[in-house]
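Let's walk through this structure together, starting with a single residue and working outwards. Keep the viewer open as you read.

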Amino acid sequence: VTLPYQCMQDRIPEVRQSSFALLGDLTRACYRYVQPYINEFIPLLSTNLNPDLVSVCNNSTWAIGEIAIQMGSEIRQFIPLFISVLINNINRSEPDTPKTLLENTAITIGRIGSVCPDVLSAYLPQFIRPWCISLRTIRDNEEKDSAFRGLCAMISCNPNGIITDFIFFCDAIVSWNNLLPDLKEIFTKILSTYVNELGVER
């Protein structure tokens, strides 16, 4: 793990890009070897979220999401290091911003929200619209599933956080083709909350 850590600090973007991809893979496959170095890795990832270096930013963002899944709520202490940058990135309006960057950012925000929904729910109004727009067009898969579960956990903590952009949430829900039964139930409960308690019309 020492060599990837050194590569993450290399001045050449392509070297950092590959090292962050490796870190994400290692986190997914054998987190026990990554865990002792988390305090060093996360600050490095957080300083490599510059969207002008798309591949570096993409891989760093993805690695943060993978780490969040493994760390669970323990990632809470690190959230201030990167949440503002992730929100800024997902709100980028430049026409040349790659869709993959927006999608990866949305997935990572969702994954962090799945383990720390109480923390991220306060930020919902700042990212809910671009989040939903980014993920409504991707195919159904495990990453989309985990991201939406995280979003729903955040919404449960702060239902008022998406009131202004509720229609975008609905649009994102109907983008699914093959919902797992338990995720469908989660969506149904949330929609019922808005209908019954918050006065959203049917």
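Asn58 is buried, because its relative accessible area is 9%, and buried here means under 20% relative accessible area, with exposed being over 50% and partly exposed in between (1.4 Å probe, protein chains only). Asn58 sits in helix 5; helices are DSSP runs of H or I with at least four residues, strands are runs of E with at least two, and both are numbered from the N terminus. Setting aside residues up to four places away in sequence, Asn58 touches Thr100, Leu101 and Asn104, where contact means heavy atoms within 4.5 Å.

Before going further, a word on what you are looking at. This is a predicted model, in which local features need pLDDT of at least 70 and side-chain atom pairs count only at pLDDT 80 or more, while totals for chains, interfaces and linings use all residues. Residues are numbered from 1 along each chain as its sequence is written, and side-chain values use heavy atoms, with hydrogens and water left out.

Now step back to the whole chain. The protein chain contains 12 helices and 0 strands. Its radius of gyration is 17 Å, which agrees with the value near 17 Å that a compact globule of 202 residues would have; the radius is taken over C-alpha atoms, and the globule rule is 2.2 Å times the number of residues to the power 0.38. Along the principal axes, the C-alpha atoms of the protein chain fill a box of roughly 55 × 35 × 30 Å. Of the 202 residues, 47% are buried. The protein chain exposes about 10000 Å², and carbon and sulfur atoms supply 51% of that area, as calculated by the Shrake-Rupley method with a 1.4 Å probe. Sequence-distant contacts feature too: among contacts between residues at least 6 apart in sequence, 73% join residues at least 24 apart.

Helix 5 also has a partner worth finding. The axes of helix 4 (residues 38–46) and helix 5 (residues 54–71) come within 10 Å and cross at roughly 145°; these axes are lines fitted to C-alpha atoms over the stretch in contact, and angles run from 0 to 180 degrees between N-to-C directions. Which residues make the contact? Helix 4 supplies Ile38, Ile42 and Leu45, and helix 5 supplies Ser60, Ala63, Ile64, Ile67 and Met71. These residues divide into 7 nonpolar, 1 polar and no charged, counting Ala, Val, Leu, Ile, Met, Phe, Trp, Tyr, Cys and Pro as nonpolar, Asp, Glu, Lys and Arg as charged, and the others, Gly among them, as polar.

Next, turn to helix 7 (residues 99–115), where you will find Gly110. Is Gly110 buried or exposed? Gly110 is buried, with a relative accessible area of 0%. Leaving aside neighbours within four places in sequence, Gly110 is in contact with Trp131, Ser146, Ala147, Gly150, Leu151 and Met154. The C-alpha atoms of Gly110 and Ile83 are 27 residues apart along the chain and separated by 12 Å.

Gly113 is also in helix 7, and at 0% relative accessibility Gly113 counts as buried. Beyond four places in sequence, Gly113 is in contact with Leu120, Gly150, Ala153 and Met154. From Gly113 to Ala147 is 34 residues in sequence and 8.1 Å in space, C-alpha to C-alpha.

From Gly110, you can cross to Ser146, which lies in helix 10 (residues 142–157). Ser146 is buried, with a relative accessible area of 17%, and Ser146 touches Gly110, Arg111 and Ser114, not counting residues up to four places away.

From Gly113, you can instead move to Leu120 in helix 8 (residues 117–120). Leu120 is buried at a relative accessible area of 0%. With residues up to four places away not counted, Leu120 touches Ile79, Ile83, Ile109, Ile112, Gly113, Phe127 and Met154. Leu120 and Gly110 are 10 residues apart in sequence, and their C-alpha atoms are 9.0 Å apart.
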